[in-house]
Amino acid sequence: MKKRPRKLKVFAPLLATLLFASPLIMTPDSVFAQQNGRGNRGGDNGNSTGGFTTGPTIPINNSKEWKNQFVGKPSFRLVDDKKMKKLNRNMDIVFNSYDDVSKVVKAKEKILKNLTTQQTKNIQELKKLEKEVIQAVAKKAKLQQEVTALTKALPSLKQKVDLAKAAVDSTAAALAEAGVKLAKAKRRLLKLTAQCSATPTPACQAKVEQAKKNVQRLTNIKKQKETLATAAVTALKGKKAALKRANDQIIKKKSLIFAINSANTIRAHKITQVKAKIKTQKVKINTASAQLAQVKASQLKIHTHLNASITIRNQYRGRLIKDILRANREGEDAAAFDGRKDGLDLARGLGSSYGQEDGLRDGNEDGVRDGKDRDYNNGYSEGVRIGEQRARSEGELDGNREGRIAGNRDAGAREGNTAGINRALQSDAAAIGQRQGTAAGLDRAINSGKRDGTAKGEAQAISKFETRGLQSTTIDGPFAGTFERRIPRMPTGQVGPNFRPDGGHYNGLMYRAFNDSYVLVYHSQQRRHFENSVATIYNRAYDHQHRAAYDVAYRGFYREQFDAGQRNGDQFAFERDYRGIRDSFFQQARANFSKNPDRSGQEYRETYARNEADAFTIRYEQIRRDNFDRFEADTFSANISSQTEKFRLLRFNEVTALYENNSVLDFVSSNMNDAGINGVAANDGIFQAGEATVHDIVIKNFGKKAATNASVTLSDGQKVKLPMIQASAMVTVKGALKGSIANARTGSIDTKILRVYAPLTAEAKIQGRHYDNPSQGLVNSGDQKRVKIQFPLALSRLLTNGTPIINEPIELLVDLGNNSSRKYKGPLKIEVTVNSNGSIITKTFNDVQSLDSTLRLKDAQVKVTSESDVYTPLTFRATISKNGVPLGTLDQAFETMVKAPYTEKPGRPVVIVNSEDTRVELLDTLAQLGGISGAAVLDLSLTGRNGEVLKQGLKNKTAIVIDRGNGNVIKNFDGVLAKSENNVFLFVDQNKKGLEIAKTTASFKDAGSFAPTISGLGTGTLVFTNPHQVKGLKGAQFAMQADKATMTKMIPIAELYKTNATQLVAAMKSQLNRATYFNPSTKTKQIAEVFSIKGLSEVVNLNKAYKESGGWLGGRNKKIAKKIYQDKSLHFNTLREIIKSQRLDESSLGLYLFGVNADHTLYKAATNFDDIDDDLTPRTSSATKKAGSYIEDEVKKPLKKFDKKLYSKIYDNKAIYTPFTPGTDTDEGINSWSK
Amino acid sequence: MKASTLGVNKIKKLCISFIMAQVIFLGPLLSDPTYAQINSSKRVLKIAVFDTPFCPKLINKTKKNIEIFPPSLPFAAQRGPFVECYEDLFGRHGLHVLNHLLKVIPKLDYKIEIHPIIIYTRKGMQSERSWSNALQKAKEKKVDLLLLAVGLPSQKPLKVLSDLPFNTFMASGQISGRIRKSTLVWPQSIKSNDRSIMIGAYLPPTDQLPDQYLQDKTLLHVEKIDYYFSGGTYQDRLTGSSRAVTTALGKALLLCARINFIDGNLKALKKCLKSKKRDLKDSFSNFNFATF
């Protein structure tokens, strides 16, 4: 068997898996609308509904691949784009329509198929019947032929039967005859046999035999006859059978013919029936085909529309994504540039700062060190030069002089020497030497004994009282070599001056796309460039500062080191050179004069005399010395021990006496304790500003006499004489000195330096051995204490026990902590202050009598009664003191806010808030509105107290809804909104999400929206509830998005929205006239614009109600659409009715003129303002235009008649108060009011 | 050949294969010191920490089974080994290293002794002599491991100190002040792979950049670094390779708790750490940090 290749064994299963699995791996992004069940047609819109049967030929592009190119994490969805959402919705609508019509097509097709199938069956049945008939007829003919043939053959068959009968008879007779003969023969045989048996003769036997043969022969004949007879019978049987068969055949075939006839009769009847069925069915099929064709035509139309929708949607999506990615890239580029710049700037800032600091410190250190070294070396070099010079000049001079002298002296010496030696040899040197050696040996013993014994005794005496320590060495600067990172790290979360995430010239999603990449890339690049460059910058700053500090320090002239160097250099060079130079000259001169001395010279004579004397002396001395040495050494050895011991004891006693009779002081340490302020807060281990300090000192007195002349000074100038320092003791002088902590801020460091003085009264070497400066009597160089200035007690967690409500008392709580090292006894008084308008602290904290570690105080009380103190920031502060001495303060001021139940304030906006969530925003908003008196507050956190208003809802209010952007307030308020009436809602939040969230609540179901333009405010989205779609809603309520900056501007507009149609018309009538119409004030324009906006909102709501009243293919309630121009309560219709009721004159002219604009507004809204016209159905679109034209009908002719010029002018300025620009599709996001 | 001989040969082959399989698969396991030591682990692990003086009052509470011994000052030049606590207001390096070590060191089922040994004077001076005395002290205490978040910088090769006869976790060191890439730092400059594990620091992700790791370009001895750990953020007290090496030691003890630190042989520990190794990557270059 062939072996499978190894590779195939491995890869074959893999390939198989891939082959089978590949159909299962579907690209999730690109979806063709050919799924079963529910599918996400609109991509990330969340608006898709249901599955569909067949789909468009253009794929819906929901690819998320663009996110792979997106830098950062998108903070938005594509459907946040209003137009994208709208296109998705449109597409879905068309999809649904297509779905519906496809279902109908399918149903129709099924019906047609069934009909056709049935018809086919019918036809087949007919054919079958007809075929059967034909076959039957053919069969019948054949049968008839057969019957005829058979009938013809009957006579001959009969005849045959007759013949056969005759044959049977004949053969039977023959047989009978043969039988008779045989019987006879047998009888004869028997007889013969009987005869032969009686007399068996040959003749008899021959007869018998003959008879037997005869019998046999006759038997055979009989057999033959039998056979013939049988055959004849058989033949007869056959002939009879044949005849019978023929007869039977004839009967059978005749009955068959009869059956065929009957069957054909039935068939003929059936054929008739089937033909009728076929005819009927044909009609049905035709009808069904026609219906199917019709529906298919609709389907095709919708299919085309669907493809178009998808194409438009895909194209727009593509463009949108392109724009987003472009904005994102721009954000990335901008961020890379800005981040890099800020990162480098920050690196420069921090790196330079730290580098400079370290460089300055190290540079100064190194500069001083090197400067000192340099000056020392310079001094040394200079010294060497001086030394050399000096060595040269002095050497020569001295050499010559001394050489001459030496030469003369040599000669003198030589000659004198000889004479002297001779004289010495004859003297008393030996005797003298002996005597002197003995004396000297004794002296040396005494001296050595003194030296060694003294030192030993001194050391012993000292060590009796003290010990000594070791020295240490260093290599580099302080704590160099510890590996925490000194080069500054990038502070996280910090942004620089170039951080500009607001997306430049972009709006909507591009704005966000720009921001998303900007923020991420900014931080990334900032960090990257910071870390890449900070080390270099640090090093550069360090080096620069190091260099500068080093230069400055180095430039200094270190006199001390220079002098020391010079001294040493001079000494070194002189000592090195002088000898050689001098010796050289000396040798030369010496040799000369030695050879030829000046005998008259003084040196010769002196030398001679001296040498003679010396030689004499020397030899004398030598002799004496030899004797001396010998006797000296012997005497020394005999006396040294006793002498050493004697002096040891002497010094020991001296030093001991010094210790015994004097103090010998050594400073050990000092301690600084806190002594309180006016007796308060002492000894708690905490040093407060202004607190007295008490300094304890530990001094060793090795001496046996108390030190009474010691004093101590503190760095603040104080000096105090110390009490007696006990002898032989390590004395702790408690409270040696008092000082006080500086009156500086808490947290700062106060430094005290303590020095001890005690003038010496005995040998400085011993008594002052531990002194820092014996000549000044300074015992220690200065003991430094650094303390942090703090309070011993701490107040923290000052807060109320719950939410303060106006007119309700509430507990005030605070934690009291003890940071000191001891228990505190009272009375400790806690004082609380607050920046309220009224007096709100109804009870202060009781004094605390004792405090160990911590205590929670709960006995103070606060009650606010004045409205001026509610919903306003209240800051509580506290201090704790004892006997007027402050001991602690509150670590962090307690900020709170007092709440109040809702109170009706006519004419004031209502701020709807959950003060638990958005306290800061509430306070900001109230501040903008002029304080609590400028608004009513409906605080949703006080559901109990505000129960009534929450149950009843609000009426005719401008409501400012403050939400954090998480929907907490908005969603909780939805129930109240449902009960409210004629309110306008401004959703205020910095993230501009409030209105979006509101739209998800029940009250805003099927809410209408469009983006009108209002003079003085700009263009922004307006949303309004739809009372036709939400059961229980009392009229439309308007909502807009605002932020801090735009809120106050929008309040007056909100007031206009609450005004009813009649009031608005009246206002317009009073403000619009011939003079003002074409040059109105902003306020007047706003009135007119709001009127139109309100009117259009009614159209939008009715349009929605109409659409929802039925399906695409029919069933909608036309009456709803007709309301647009019939319902007199609607704004435009009210205007029409009022115009109708008033004659045209100057007082009503403004209204008439406005009527022209109203018609224009309605017309354009229905045809050319995408926000509205895209959603209108043909019917509602037509109704809208009708509403306008009905108004125009009332105003056109009267105006033309009244004033033709004015008439022309108004028609040239039809759009004057139209609150949108026709032909625009506002792509703006919800936040435009803010721009 | 007879059938019986064939059969015997087959059996022989099977036996040989079986034995070889045992040797191949079990041999390393049997010779693995980790395995060999698990059944006879030491009861106490002694770690010496060379560093600056510190105020003992500021040391955080220790965990059970972990004891911090009083610090040793091998040369009695100063009055006591402690910094006066009011001087040590912000804590010295040695204090931060100890507190961080206490934070990262796990509670194991055997005792851990931490022996601080001071190599700096209170004024911040160190020398070859202070190091050699410290090493002598460590030898006397028979420590198993050294933690060095420090080093001895010099411009020229040292005269007294040569090799480092202890198992050591050492920080790679950073540029700062006088210390540059060219500065010789002992013992980092003579790091031997048998007895030392060198740890470097990386810059960790931040809140704004949760996926960004960066190489710390101020590190010294990059070519000798075995593993990297976070160098902390700008808000941490202990940063840089000091923090990284302390964290590494704690993590190593946690991951390789059953490894016994045999004198002179870090092999078992290195093998264990290698098995736990994973790589991080610098977000902008191809530089990889091995960590565990």
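This passage describes confidence, chain B as a whole, one sheet and two helix pairs in a predicted model.

The structure is a predicted model in which local features need pLDDT of at least 70 and side-chain atom pairs count only at pLDDT 80 or more, whereas totals for chains, interfaces and linings use all residues. Residues are numbered from 1 along each chain as its sequence is written, and chains are lettered from A and ligands numbered from 1 in the order in which they are written.

Chain A has an average pLDDT (the predictor's confidence in each residue, from 0 to 100) of 85, and 93% of its residues score at least 70. Among the elements of chain A (helices being DSSP runs of H or I with at least four residues and strands runs of E with at least two, numbered from the N terminus), the lowest mean pLDDT, 38, belongs to strand S1 (residues 30–31) and the highest, 95, to helix H18 (residues 1131–1141). Residues 17–40 of chain A remain under 50 in pLDDT, and the model gives this stretch 31 contacts beyond four places in sequence, a contact being two residues whose C-beta atoms, placed from the backbone, lie within 7 Å.

Chain B contains 6 helices and 12 strands. Of its 292 residues, 41% are buried, that is, have 20 or more other C-beta atoms within 10 Å of their own, C-beta atoms being placed from the backbone. Among the contacts in chain B with a separation of 6 or more, 74% link residues 24 or more positions apart.

In chain A, four strands form an open sheet in the order S4-S3-S5-S8 with antiparallel pairing, where pairing requires that DSSP find at least two bridges between two strands. Strands S4 (680–682) and S8 (729–740) of chain A stand at the edges with a single partner strand each, so one side of each lacks a neighbour in the sheet. Strand S3 (residues 665–677) of chain A pairs with S4(A) over 2 bridges in the antiparallel sense, and A:Ala675 has A:Ala682 in S4(A) as its bridge partner.

Helix H18 of chain A packs against helix H21 (residues 1178–1202) of chain A at an angle of about 15°, their axes 10 Å apart, with axes taken as lines fitted to C-alpha atoms over the stretch in contact and angles running from 0 to 180 degrees between N-to-C directions. H18(A) and H21(A) are therefore roughly parallel, a term for angles under 35 degrees. Residues of H18(A), including A:Phe1132, A:Leu1135 and A:Ile1139, meet residues of H21(A), including A:Tyr1190, A:Ile1191 and A:Val1195. The axes of helices H4 (residues 202–425) and H7 (residues 559–595) of chain A come within 4 Å and cross at roughly 20°.

Terms used:
Buried ≥ 20, exposed ≤ 12 C-beta atoms within 10 Å, placed from the backbone. Parallel < 35°, antiparallel > 145°, perpendicular 65-115°, else oblique.
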